[in-house]
Amino acid sequence: MSSALEVTGLGVRYRRTWVLRDCSLAVPAGRVAALVGPNGAGKTTLMHTAVGLVRPALGSVRVSGEAAFVAQDKPLYESLTVAEMLAFGRRMNRRWDGDAAAARLAGLSIPLRRKVGRLSGGQQAQVAVTLALASRPDLLVLDEPLANLDPLARHEVMRSIMAEVAERRLTVLLSSHVVSDLEETGDWLIVLNAGRLQVSGDIEELLDGHLVVTGPDEASTAGTQVVSASRTGGQVGMLVRGAPPLDPRWQARSPGLDELVMGYLRSPESAALPKLTGVGA
Ligand SMILES: Nc1ncnc2c1ncn2[C@@H]1O[C@H](COP(=O)(O)OP(=O)(O)OP(=O)(O)O)[C@@H](O)[C@H]1O
């Protein structure tokens, strides 16, 4: 299986502070990878490194093909019209599919003669995504494209990105704070916490490989691998990996994606990372 993005032993620092340490992951081509983590975890830094905006101090990042990036603060020129933005994109990019971009905007009923500053937040996000897609990238990197959008607009933007993924072999790396947005669309999960990678893997496999178990305080955890545990009253709730604990007093069920993410974020020393093959992995 070929990787669209391969990160090996990555370390990034700003002056003397390390903001990413020892990150290694590989996203297979054609996947929609959800990048989650608390504020300041290093998500934007990882994305900037992937598209060449930040140089790693250690390790390497390899993108197979061309990458396009939509920044958190969509850098759209408010006084330009949508048509002028398209013309600008054509001049700036070697590969450019203006017809597809125009058709996409028409499908979204976004008028080409409207100034960008006069569009709604959702429409501006759609224009930013359309411009990125028009450069025919192999990897589309989106830094919180849905921040500031209402739930309906969020759904629309995601739906239109998924249509592109279905149509051609595009890989997407997408960061968001809203795990429920990613549950609908993502099929690969990357969890970053305080500059360290905690999880990188296929979402279905991750959900299948974990359980939420609850039981009395005194029940034994023998036979399982505890990711994190929290106590309320006399009860303990745990996220565990693999088999449930042997003690029959535990009740087990499958986790939701948000429970899986929270379980790891609560316990920064836990990790679920595949063994990567290749140099430095
Ligand atoms: N240009 C910079 N110079 C110095 N420190 C920086 C710079 N950019 C980011 N940082 C620091 O690096 C760390 C990671 O920041 P980054 O923006 O990558 O996190 P993030 O996960 O994207 O956060 P958020 O969810 O808040 O957007 C933070 O502690 C931040 O303060």
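**Entry 1: overall size**

I started with the radius of gyration: the chain has 21 Å, which agrees with the value near 19 Å that a compact globule of 281 residues would have. I note here that this is a predicted model. Next I looked up the box around the C-alpha atoms, and along the principal axes the chain fills roughly 70 × 40 × 35 Å. I then went through the secondary structure and found eight helices and 13 strands in the chain. For burial, I have 38% of the 281 residues down as buried. I also checked how far along the sequence the contacts reach. Among those between residues at least 6 apart, 72% join residues at least 24 apart.

**Entry 2: two domains**

I looked up how the chain is divided, and got domain 1 (3-201) and domain 2 (205-265). Their C-alpha centres lie 33 Å apart. How many residues does each domain put into the contact? I count 11 from domain 1 and seven from domain 2. On the domain 1 side, I wanted the elements that give two or more residues, and these are α6 (179-185), β8 (188-193) and β9 (196-202). By class, I have that side of domain 1 as six nonpolar, four polar and one charged.

**Entry 3: the nonpolar core**

I turned to the largest nonpolar core, which has 74 residues. Which residues have the most contacts inside it? I wrote down Ala33, Val141, Leu173 and Ile190. Helix α4 (residues 121-134) gives the largest share of this core, eight residues. I also checked the core against the domain division: at least three of its residues come from each of domain 1 (3-201) and domain 2 (205-265). A background reminder to myself: nonpolar side chains tend to be buried together in soluble globular proteins.

I then picked Leu173 for a closer look. Leaving out residues up to four places away in sequence, I find Leu173 touching Leu5, Val27, Ala33, Leu35, Met47, Ala50, Leu139 and Val141. Two of the names in that list, Ala33 and Val141, are also among the residues with the most contacts inside the core.

**Entry 4: around the ligand**

I listed the residues around the ligand as Tyr14, Val19, Gly37, Asn39, Gly40, Ala41, Gly42, Lys43, Thr44 and Thr45. Which element gives the largest share of this shell? I find it is helix α1 (residues 43-50), with three residues. I sorted the shell by class too, and it divides into three nonpolar, six polar and one charged.

**Entry 5: positive phi**

I looked for positive phi values outside glycine and noted Arg136, at about 50 degrees. Arg136 sits in the loop between α4 and β6 (139-143). Is Arg136 buried, exposed or partly exposed? I put Arg136 down as partly exposed, because 17 other C-beta atoms lie within 10 Å, and buried would take 20 or more.

Ala194 went on the list as well, with a positive phi near 50 degrees in a residue other than glycine. I place Ala194 in the loop between β8 and β9. Ala194 has 15 C-beta neighbours inside 10 Å, so I count it as partly exposed.

**Entry 6: three spot checks**

I started the spot checks with Gln123, which is in helix α4. Buried or exposed? I have Gln123 as buried, because 21 other C-beta atoms lie within 10 Å, and the cut-off for buried is 20 or more. I also took a distance from Gln123 to Thr171: 48 residues apart along the chain, with 23 Å between their C-alpha atoms.

Met162 came next, in helix α5 (residues 151-167). With 16 C-beta neighbours inside 10 Å, I count Met162 as partly exposed. I paired Met162 with Val172, 10 residues apart in sequence, and got 9.3 Å C-alpha to C-alpha.

I finished with Glu269, in the segment after α8 (257-265). Glu269 has 10 C-beta neighbours inside 10 Å, so I count it as exposed, given that exposed means 12 or fewer. What separates the C-alpha atoms of Glu269 and Leu105? I get 45 Å for this pair, with their positions 164 residues apart along the chain.

Technical notes:
Residues numbered from 1 in each chain as written. Predicted model: local features only at pLDDT ≥ 70, side-chain atom pairs only at ≥ 80, totals over all residues. Near = placed C-beta within 6 Å. Helix = DSSP H or I, 4+ residues; strand = E, 2+ residues; numbered from the N terminus. Nonpolar A, V, L, I, M, F, W, Y, C, P; charged D, E, K, R; others polar. Core = buried A, V, L, I, M, F, W, Y, C linked by C-beta atoms within 7 Å. Domains from an automatic or database assignment. Rg over C-alpha atoms; globule rule 2.2 N^0.38 Å.
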